[in-house]
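Trainee: I'm new to this one, and I'd rather see one part properly than skim everything. Please pick a single strand, look at it closely, and then work outwards from there.

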Amino acid sequence: MRENFKKRFRDRIKGVYGSKSLFLALILNPLCQNLVKLSLIFLISTGCIGIFRKAPDYPSIQIKGLVSYNELESTRNVKWNLLSKVRDPKSITAIVLHNSGKRKLPELLRLSVENQFMFHIYVDSDGNIYGDPNFLNHEWSAAPGIDLESIHLVYEGTQETLYNNRKQRGVLNQIISYLTDELNIPKSNYDVISKKGVFTHNQTKRRFGGFVDFSPCGSELALKQILSEIDGEFFEEDDWKDRFVTGWVLKKENKEILKETFKPTNGRGITKAEKINIASLEKDEKGFPPEDYRVKYIFRGKIKPSCVVLHYTAISEYFKSLRTLEARNLTASIMVDNNGKAYQLVDVLEDRAAAATGTNDNCIQIEIVAKDTDELFKQPDQIKTVKDLVIQLTTKYKIPLSNEKLEDLTGVFSHTQAKKKWGGSIFLNAKDFDPGEEYMEMILNSVGGKYYSEPEWKNRKSIDWAILFRNFQP
């Protein structure tokens, strides 16, 4: 049969292309066959063909020596198992590394459960392993945004203590190496966006948010050491996949990329602004925004304002603040100088700003020139103008004088309130306030509005915030 096939092949080539082509085909045919064989061998050996990978045998995957949390006297009364969600083991594509700091397992477990968090596996400083025996089938919340796909692994101590504890690190290495092999998880921290790999909690915070504080939990140096010892590949933050692209809760900016991508279409010296129709905004002799005080920006569409967001510039000088906005490819709607003069930066207030993630499609963004909240309170003329602007804008656009309902995008909010909900800033700290909640309280209450403290914000205790309202997180 094989000989008949060869004969038909030669006859076909000869009939279609002539006798010279037959000679060439006879030479090339074995070569082509060898190239195909070599290509298949290469694809199989490099794991590029998924069908040749071993499918995980989930029932057989167990951590040897793991002691259930239920078997520990110190944690027997902790209702840890009530927080789980059932998951399909096929969803698991990542391991997230945490550390306990100075806390021992009983305290860590108690605090975690009290704050509605939980983790799958814990390795103490002696190399003992504790955890949930059914960790493959249970989803625990420890790093919102990647919980469904993750096995949460905690080691006792810090990256410094782990470095000097060869026994503990050896156990961690064995667990991570075993699970990555059995579950086909990449031994790499390169692509947290895909949720496939081995990551620190710190890295997942930067991408997905859902954190209580920004302490370096898991620790990059510890992960670097572990991956090097199990033949994995570690990437520094600047080399993480698409680290400088939008979509990260904690942004990271590259000045060169920003410079290349900033091609303004509107603003100072490019397009003509409309006449001012807000009383507290400065005008030239013809009623237009003073040209030198405007910003250059990329037009991002129009909005129907339903909210106002107040910021401080973190810089004490107007034109330096303006240059900083342009250098970062950002745009505010209005900037209020420290002498109390306010300027419309965009062609028209309904031009979409780019200043506070999650609110830009709905809010007028007001930058207030000041280094910090303390400086804001020392500028009475500026305070008066901000109050006047809030009254005039909320009246014009029928916006509630309240900061209660951020997720509804109706009201007057601080930039930090928006950061806590949606992130999208290069500065994210749960203790930071921009422009300061005391300042927000003073502005809202003095114009006849209603100020709500953080615990009173609508749905503040839900899991759907970049910065969670909890006392602790593993």
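Mentor: Let's fix one word before we start: a residue is called buried when its relative accessible area is under 20%. Keep in mind, too, that this is a predicted model.

Our strand is β8, which covers residues 197-200. Which way do its side chains go? Gly 197 and Phe 199 point one way, Val 198 and Thr 200 point the other way, and all of them are buried. That fits a general pattern: in a regular strand, side chains alternate between the two faces of the sheet.

Now for the company β8 keeps. It belongs to an open sheet of six strands, and if you walk across that sheet you meet β1, β5, β4, β7, β3 and β8 in that order. The pairing in this sheet is mixed. The walk starts and finishes at the edge strands, β1 (67-68) and β8, each of which pairs on one side only.

For β8, β3 (residues 94-99) is a pairing partner: the two strands run parallel and are joined by four bridges. You can pick out individual matches. Ile 95 sits opposite Val 198 of β8, while Leu 97 has Thr 200 of β8 as its bridge partner. Val 198 and Thr 200 are the two that point the other way from Gly 197 and Phe 199.

Next, a helix that meets our strand. The buried residues of α7 are Glu 220, Ala 222, Leu 223, Gln 225, Ile 226 and Leu 227. What lies over them? The cover includes β8 itself, along with β3, β7 (150-155), α4, α5 (166-183) and α6. Just past the end of α7, Asp 231 takes a positive phi of about 60 degrees.

Helix α7 also leads us to a pocket. Along with α4 (159-163) and α6 (201-208), α7 (220-229) supplies at least two residues to the lining of the second largest pocket. This pocket has a volume of about 350 Å³. Its lining runs to 21 residues, and those nearest the centre are Asn 99, Asp 213, Ser 215, Pro 216 and Cys 217. Sorted by class, the lining has six nonpolar, 10 polar and five charged residues. Is Cys 217 buried or exposed? Its relative accessible area is 7%, so it counts as buried.

Since we've met one cysteine, let's see where the chain has a disulfide. The whole structure has one, by this search, and it is formed by Cys 307 and Cys 363, with 1.8 Å between the sulfur atoms. The pair ties together distant parts of the chain, as Cys 307 is in strand β11, Cys 363 is in strand β14 (residues 363-368), and 56 residues separate them. The link is left-handed, at -85 degrees about the S-S bond. Both ends are tucked away: Cys 307 is buried because its relative accessibility is 0%, and Cys 363 is buried because its relative accessible area is 1%.

Strand β11 brings us to the largest pocket. β11 (307-312), α8 (255-261), α9 (318-327) and α12 (415-422) each give at least two residues to its lining, and α12 gives the largest share, four residues. In volume, this pocket comes to about 1,200 Å³. There are 47 lining residues, with Lys 251, Glu 253, Arg 328, Leu 330 and Gly 424 nearest the centre. They divide into 20 nonpolar, 16 polar and 11 charged.

Finally, the closed space. Rolling a probe the size of a water molecule over the atoms shows where empty space is left. How many cavities of 30 Å³ or more turn up? The count is one, and the largest cavity holds about 30 Å³ of space. Its lining is Thr 416, Lys 419, Lys 420, Leu 428, Asn 429, Asp 432 and Ile 467. By class, that makes two nonpolar, two polar and three charged residues.

To finish your tour, look at the loop between α3 (105-114) and β4 (121-123), where you'll find Asn 115. With a relative accessible area of 7%, Asn 115 is buried. Leaving aside residues up to four places away in sequence, Asn 115 touches Arg 470, Asn 471 and Phe 472.

Definitions and conventions:
Residues are numbered from 1 along each chain as its sequence is written. This is a predicted model: local features need pLDDT of at least 70, side-chain atom pairs count only at pLDDT 80 or more; totals for chains, interfaces and linings use all residues. Side-chain values use heavy atoms; hydrogens and water are left out. On a 1 Å grid over the protein atoms alone, a cavity is a set of points where a 1.4 Å probe fits but cannot get out, and a pocket is an open set with protein on both sides within 12 Å along at least five of seven lines; lining residues have an atom within 4 Å of a point. Grid points are joined across faces, edges and corners, and a volume is the space filled by probe spheres set on the points. Ala, Val, Leu, Ile, Met, Phe, Trp, Tyr, Cys and Pro count as nonpolar, Asp, Glu, Lys and Arg as charged, and the others, Gly among them, as polar. Buried means under 20% relative accessible area, exposed over 50%, partly exposed in between (1.4 Å probe, protein chains only). Two strands pair if DSSP finds at least two bridges between them. A disulfide is a pair of cysteine sulfur atoms within 2.5 Å. Contact means heavy atoms within 4.5 Å.
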